[in-house]
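Here are some notes to read alongside the structure. They are meant for someone who has not looked at this chain before.

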Amino acid sequence: MSSEIEVNLQELFFYSDEDASEEDSLLDGELLDLEPTFRDAVVLALPLSPVCREDCQGLCVDCGVKLAEAGPDHGHEKIDARWASLQGLISENDNDQEK
């Protein structure tokens, strides 16, 4: 599948360091290097979650399975690493309460 992306970009290039700040682009003699400017503009225009077709739901970000084939109940239990050590306390307290 191919798609088209239209990108508008505008960049100011300076002849010498005297006129430019650190973030400004400079000409290298008579050469103009458009690659960094073009790359930055195109990367920002790309979709965050590209899909193969218009009706594609995409892939699961955790396991990579096609969401169309996974079904509506597909999911992954995510435990925040900062709270993972507390997980054992819950099961221990549950066992104590049952006795």
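1. On terms. Buried means under 20% relative accessible area, exposed means over 50%, and partly exposed covers what lies in between. Asp40, with a relative accessible area of 45%, is therefore partly exposed. The model is predicted, and the points below should be read with that in mind.

2. Overall layout. The chain has three helices and two strands. Followed along the sequence, they come in the order β-β-α-α-α. Of the contacts between residues at least 6 apart in sequence, 26% link residues at least 24 apart.

3. Surface and burial. How much of the chain is buried? Of its 99 residues, 9% are buried. The accessible surface of the chain is about 9,400 Å², and carbon and sulfur atoms account for 50% of that surface.

4. Ser25. This residue sits in strand β2, which covers residues 25-26. Is Ser25 buried or exposed? Its relative accessibility is 16%, so Ser25 counts as buried. Leaving aside residues up to four places away in sequence, Ser25 touches Glu11, Leu12, Phe13 and Phe14. With one of these, Glu11, there is also a polar contact from side chain to side chain, at 2.9 Å.

5. Thr37. A second buried residue is worth a look, this time in a helix: Thr37 lies in helix α1. Its relative accessibility is 11%, under the 20% limit, so Thr37 is buried. Which residues does Thr37 touch, not counting those up to four places away in sequence? They are Leu9, Glu11 and Phe13. Glu11 and Phe13 also appear in the list of residues that Ser25 touches, so a reader can look at the two lists together around those residues.

6. Salt bridges in helix α1. The count of salt bridges comes to five. Side chains of opposite charge can pair when their charged atoms come close. One of the bridges joins Glu35 and Arg39, with 3.5 Å between the closest N and O atoms. Both residues belong to helix α1 (residues 35-45) and are four residues apart, about one turn of the helix. Glu35 counts as exposed because its relative accessibility is 52%, whereas Arg39, at 40%, is partly exposed.

7. A further bridge at Arg39. The side chain of Arg39 also meets that of Asp40 in a salt bridge, at 4.0 Å from N to O. As noted under the first point, Asp40 is partly exposed, with a relative accessible area of 45%.

8. Arg53 and Asp55. Another salt bridge pairs Asp55 with Arg53, and the closest N and O atoms are 3.1 Å apart. Asp55 is exposed, with a relative accessible area of 59%, while Arg53, at 46%, is partly exposed. Returning to the earlier bridges, Glu35, Arg39 and Asp40 are joined into one network by salt bridges that share partners.

9. Cysteines. How many disulfides does the structure hold? The number is zero. A disulfide is a covalent bond between the sulfur atoms of two cysteines. Why is Cys52 without such a bond? The closest cysteine sulfur, in Cys56, is 3.7 Å from the sulfur of Cys52, which is too far for a bond; the cut-off is 2.5 Å. Cys63 is likewise in no disulfide, and its nearest cysteine sulfur, that of Cys60, is 3.7 Å away. Cys52 counts as partly exposed because its relative accessibility is 43%. Cys63 is partly exposed too, with a relative accessible area of 43%.

10. Nonpolar patch. Which residues make the nonpolar surface patch? Ile5, Val43 and Leu46 form it, and the patch amounts to about 250 Å². Of these residues, Val43 lies in helix α1. Val43 has a relative accessible area of 51%, so it is exposed. Helix α1 thus carries a buried residue, Thr37, as well as an exposed one, Val43.

Key:
Residues are numbered from 1 along each chain as its sequence is written. This is a predicted model: local features need pLDDT of at least 70, side-chain atom pairs count only at pLDDT 80 or more; totals for chains, interfaces and linings use all residues. Side-chain values use heavy atoms; hydrogens and water are left out. Buried means under 20% relative accessible area, exposed over 50%, partly exposed in between (1.4 Å probe, protein chains only). A polar contact is a pair of N or O atoms within 3.5 Å; within protein, one must be able to donate a hydrogen and the other to accept it, and residues adjacent in sequence count only if both atoms are side-chain atoms. Contact means heavy atoms within 4.5 Å. Accessible areas come from the Shrake-Rupley method with a 1.4 Å probe; for residues, only the protein chains shown count as cover. Patches are made of residues with over 30% relative accessible area and no salt bridge: like charges are joined within 9 Å, nonpolar side chains (Val, Leu, Ile, Met, Phe, Trp, Tyr) within 5 Å.
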